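Reader: I want to go through this structure and ask what stands behind each label. Please put it up.

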Amino acid sequence: DDMSWKDALKVGFLQCLAMIPGTSRSGATIIGGLCIGLSRKAATEFSFFLAIPTIFGATFMIFGSPERTDATALPMISVGFVVSFFSALVVVRWLLHYVSKHDFSAFGWYRIFFGGVILLTGDRLGSVVTNQKELIKTNGAAAPFDDLNSLDLAENEIPTAVTQTVA
């Protein structure tokens, strides 16, 4: 399938829907491609091509600065990169073959099922920290740290500053 630059731009903009929490980036681009008239195979291929700059950007964000990179971890990172690359080739090839013969209903049911599991089990720590952040904002109390998301907490552990602020 040939794809015009206008179609590519439209799908790229539709990729922005993935910023909505819980939205799949590949799902947004594939469904977006289908909505503008691409075939299932072309939409899926383009979705994988769009993932390349996203993955490189995330990698740069994590390992781009020297203070975040430990030289002793480089061999493990290299092995992980190589294994991920070749396993992705196998999976992408299988997926492209699958979508050329089937629709996406199996993936839709999977997302509905998995979303239900997440809603039923919930993330207790995530909701506690989110609620505490809202309390801090509404009460005007200042926490001794800027970003609660950057904390590395054990399950059910609430930072002392947050519990003192709420109390």
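Reader: Why is Lys10 called partly exposed?

Author: This is a predicted model. Lys10 has a relative accessible area of 44%. Buried means under 20% and exposed over 50%. The value for Lys10 lies in between, so Lys10 is partly exposed.

Reader: Where is Lys10, and how far is Thr29 from Lys10 in space?

Author: Lys10 sits in helix 1. Its C-alpha is 9.4 Å from that of Thr29, and the two are 19 residues apart in sequence.

Reader: What makes Gln15 buried?

Author: Its relative accessible area is 17%. The cut-off for buried is under 20%. Gln15 therefore counts as buried.

Reader: Where is Gln15, and which residues does Gln15 contact beyond its sequence neighbours?

Author: Gln15 is in the loop between helix 1 (5-14) and helix 2. Leaving aside neighbours within four places in sequence, Gln15 touches Arg25, Thr29, Leu50 and Thr54. Arg25 and Thr29 belong to helix 2, while Leu50 and Thr54 belong to helix 3.

Reader: Why is helix 2 called oblique to helix 3?

Author: Helix 2 (residues 25-35) packs on helix 3 (residues 40-63) at about 140°. That angle makes the pair oblique, because roughly antiparallel needs over 145 degrees and roughly perpendicular runs from 65 to 115. The axes are 8 Å apart.

Reader: What is the hand of the crossing of helix 2 and helix 3, and which residues make the contact?

Author: The crossing is right-handed. Helix 2 supplies Arg25, Ser26, Thr29, Ile30, Gly33 and Leu34. Helix 3 supplies Arg40, Ala43, Thr44, Ser47, Leu50, Ala51 and Thr54. By class, this contact holds five nonpolar, six polar and two charged residues.

Reader: What makes helix 3 roughly antiparallel to helix 4?

Author: Helix 3 and helix 4 (residues 74-101) pack at about 160°. Angles over 145 degrees count as roughly antiparallel, so helix 3 and helix 4 take that label. Their axes lie 10 Å apart.

Reader: In which hand does helix 3 pass helix 4, and which residues meet?

Author: This crossing is right-handed. From helix 3 come Arg40, Lys41, Thr44, Glu45, Phe48 and Phe63. From helix 4 come Ile77, Val92, Leu95, Leu96, Val99, Ser100 and Lys101. The classes are seven nonpolar, two polar and four charged residues.

Reader: Which residues of helix 3 are named in the contact with helix 2 and in the contact with helix 4?

Author: Arg40 and Thr44 are among them.

Reader: How do you know that His97 is partly exposed?

Author: His97 has a relative accessible area of 48%. Exposed would need over 50%, and buried under 20%. The value for His97 falls between those limits, so the label is partly exposed. His97 is in helix 4. The C-alpha atoms of His97 and Lys41 are 8.2 Å apart, across 56 residues along the chain.

Reader: What is the overall pattern of the protein chain, and how many helices and strands are there?

Author: There are seven helices and zero strands. The pattern along the sequence is α-α-α-α-α-α-α.

Reader: How much of the protein chain is buried, and what is its accessible surface?

Author: Of the 167 residues, 17% are buried. The accessible surface comes to about 12400 Å², and carbon and sulfur atoms account for 67% of that surface.

Reader: Among contacts between residues at least 6 apart in sequence, how many join residues at least 24 apart?

Author: The share is 54%.

How values were computed:
Residues are numbered from 1 along each chain as its sequence is written. This is a predicted model: local features need pLDDT of at least 70, side-chain atom pairs count only at pLDDT 80 or more; totals for chains, interfaces and linings use all residues. Side-chain values use heavy atoms; hydrogens and water are left out. Axes are lines fitted to C-alpha atoms, for helices over the stretch in contact, and angles run from 0 to 180 degrees between N-to-C directions. Helices (H or I, at least four residues) and strands (E, at least two) are DSSP runs, numbered from the N terminus. Angles under 35 degrees count as roughly parallel, over 145 as roughly antiparallel, 65 to 115 as roughly perpendicular and the rest as oblique. A crossing is left-handed if the near helix is turned anticlockwise from the far one by less than a right angle, and right-handed if clockwise. Contact means heavy atoms within 4.5 Å. Ala, Val, Leu, Ile, Met, Phe, Trp, Tyr, Cys and Pro count as nonpolar, Asp, Glu, Lys and Arg as charged, and the others, Gly among them, as polar. Buried means under 20% relative accessible area, exposed over 50%, partly exposed in between (1.4 Å probe, protein chains only). Accessible areas come from the Shrake-Rupley method with a 1.4 Å probe; for residues, only the protein chains shown count as cover.
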